[in-house]
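Me: I would like to learn how to read a ligand shell and a pair of packed helices. Can we work through one model?

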Amino acid sequence: MSEGNCARHLRLRPAVFVATGADGQVALLRGAGWGEHIGVLSAGQRELLGELAADEHPEAALLDRFGPGTAALLDRLRAGGWLTARLSFRNRSLITVRPLGPHLEPRAAPLRAPRLSRFALMRRAGDELVLESPRCRASVEIHDLDVLTVLHRMAGSAEPCVPAGLTAGVVAELVGELAWYGFVRDAEEDMRADLTTEQWSPHELWFHARSRAGYHDEPFGLTRWADGRHAPLPARRAPWAVEAALPLPVPDGAERAGMPFAAVLEARRSVREPDDEHPLTVAQLGEFLHQAAGVRRVLRDDRNEVSLRPSPSGGALHGLEIYPVVTQVTGLASGMYHYDPFGHRLEPVPAAEPAVRQLVWRAAEAAGGGRSPHVLLVCTARFGRVMWKYQSMAYALILKDLGALLQTMYLVATAMNLAPCAIGTGDSDLFAQATALNPLEEASVGEFMLSSRTT
Ligand SMILES: Cc1cc2nc3c(=O)[nH]c(=O)nc-3n(C[C@H](O)[C@H](O)[C@H](O)COP(=O)(O)O)c2cc1C
């Protein structure tokens with residue numbers, strides 16, 4: 001290492017198991033899902049792996065000590081995403097690059113106009129400040145204020161600065177490392193004026209990249225991460241007002257027969273004009289809710305209480321709740337209710353009146369005509385129902401459940417010759433104001449207008 005450059009310290013990332021067969025075959029394993037067959041290694045290379053698993057080592061020292069073939073093996077480990085690399089300068093730690101998956105891209109030539117990617121963000125992770133991006137398979141711990149100075153400059157300029165505590169060579173190396181992983185890109189690259197580039201807002205690309213597998217190897221999917229830490233939520237939401245709950249009529253078999261299924265599919269349309277001369281009735285609302293959302297069976301999987309309903313739901317968890325906001329329903333006072341799908345009843349919700357009126361008004365505006373629906377069904381998610389069990393993808397799963405519920409509601413409304421229309425621009429803050437619910441616990445995620453129709 002020359003005085004002007006970074007020292008690089010390598011070690012295997014945590015929780016990697018080095019498996020060695022009697023025939024000298026080596027495989028690296030991480031959890032149940034990640035593994036790479038490395039092949040037959042010499043005794044020296046196996047020793048190198050053992051040392052990297054046990055501790056951090058300067059790359060230069062490893063190259064000196066283990067001789068020919070070491071650089072190629074280290075490159076292979078880096079490409080597989082098995083190595084963390086800490087860069088230091090004069091014994092000051094600058095950054096640590098922690099891979100989040102394989103890193104196959106070759107090191108590119110220095111960028112012409114390097115800028116911090118507009119998708120990059122910094123946040124606290126444990127006791128560290130980390131730089132991450134949905135376009136990068138690595139997380140970078142920032143250990144030094146001079147690195148922040150370099151990043152700050154690259155937000156506004158393609159001309160990297162050299163803070164007093166660093167050298168031009170060190171800054172070039174830092175920028176090169178960040179460019180290699182994609183945190184720093186050519187000025188134009190993620191700001192190009194084409195649809196493919198401009199259409200992505202950072203939070204949407206983050207959500208896309210981290211709510212599906214790939215792009216990262218973080219804990220993901222059905223992990224039951226909260227088991228043993230927090231109690232799972234019951235299938236049935238705690239009631240709002242048991243004494244005041246209004247039982248709804250259950251439709252009889254004849255009413256349920258309705259239109260043939262193919263005819264319902266053909267007829268399904270969004271209908272935005274209510275028939276205000278013949279408002280929805282409480283019997284119709286009861287039938288609709290029973291058909292679309294009533295619980296049919298309650299079961300247990302090995303840890304959770306689950307239920308079966310007309311709509312499908314990931315893990316049968318049914319984290320969604322329905323809050324009918326009634327403006328005009330014969331036989332029912334106006335106001336907000338919660339639908340209890342287990343008892344098929346409505347629980348009055350003591351909601352703030354101005355916020356409730358705003359919810360209805362906004363939905364009517366979103367439907368273009370400004371005419372209030374007879375009922376606005378606000379769908380909320382009790383997040384803990386799904387997030388207790390699924391990791392990193394739970395919110396996406398909730399929205400998928402919502403899509404399934406919306407379609408079920410559309411089909412039931414069509415079969416009943418009612419006027420349905422989904423609304424895509426609901427205001428979760430307004431719902432929180434109306435109900436005083438903690439939005440981290442339960443918040444609105446979708447809206448659906450329901451009225452009687454003229455034809
Ligand atoms: C998730 C979703 C959100 C929607 N949001 C709105 C909305 O905010 N305003 C509106 O008037 N229609 C909304 N719609 C209805 C669509 O405009 C409608 O489905 C589309 O125009 C096709 O017409 P159809 O439903 O009659 O087949 C939404 C539909 C869905 C599925």
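Me: What is the make-up by class of the shell around the ligand?

Reply: Sort the surrounding residues by class and count each group. In this predicted model, the shell has six nonpolar, four polar and two charged residues. Arg269 and Arg272 are among the residues around the ligand, as are Ser270, Leu406 and Thr425.

Me: Which element gives the largest share of that shell?

Reply: Strand 24, residues 418–423, supplies three residues, the largest share.

Me: Now the helices. At what angle do helix 11 and helix 14 cross?

Reply: Start with the angle between the axes, then the distance. Helix 11 (residues 353–366) and helix 14 (residues 428–435) cross at roughly 150°, and their axes come within 8 Å. Angles over 145 degrees count as roughly antiparallel, so that term applies to helix 11 and helix 14. Their crossing is left-handed.

Me: Which residues of helix 11 and helix 14 meet?

Reply: From helix 11, Ala355, Val356, Gln358 and Leu359; from helix 14, Leu430, Phe431, Gln433 and Ala434. By class, this contact has six nonpolar, two polar and no charged residues.

Me: How are helix 2 and helix 3 placed?

Reply: The axes of helix 2 (residues 59–66) and helix 3 (residues 70–79) are 9 Å apart, at an angle of about 135°. Helix 2 is therefore oblique to helix 3. In the contact, Glu59, Leu62, Leu63 and Phe66 of helix 2 meet Thr70, Ala71 and Leu74 of helix 3. The class count here is five nonpolar, one polar and one charged.

Conventions: Residues are numbered from 1 along each chain as its sequence is written. This is a predicted model: local features need pLDDT of at least 70, side-chain atom pairs count only at pLDDT 80 or more; totals for chains, interfaces and linings use all residues. A residue is near a molecule or strand if its C-beta atom, placed from the backbone, lies within 6 Å of it. Helices (H or I, at least four residues) and strands (E, at least two) are DSSP runs, numbered from the N terminus. Ala, Val, Leu, Ile, Met, Phe, Trp, Tyr, Cys and Pro count as nonpolar, Asp, Glu, Lys and Arg as charged, and the others, Gly among them, as polar. Axes are lines fitted to C-alpha atoms, for helices over the stretch in contact, and angles run from 0 to 180 degrees between N-to-C directions. Angles under 35 degrees count as roughly parallel, over 145 as roughly antiparallel, 65 to 115 as roughly perpendicular and the rest as oblique. Two residues are in contact if their C-beta atoms, placed from the backbone, lie within 7 Å. A crossing is left-handed if the near helix is turned anticlockwise from the far one by less than a right angle, and right-handed if clockwise.
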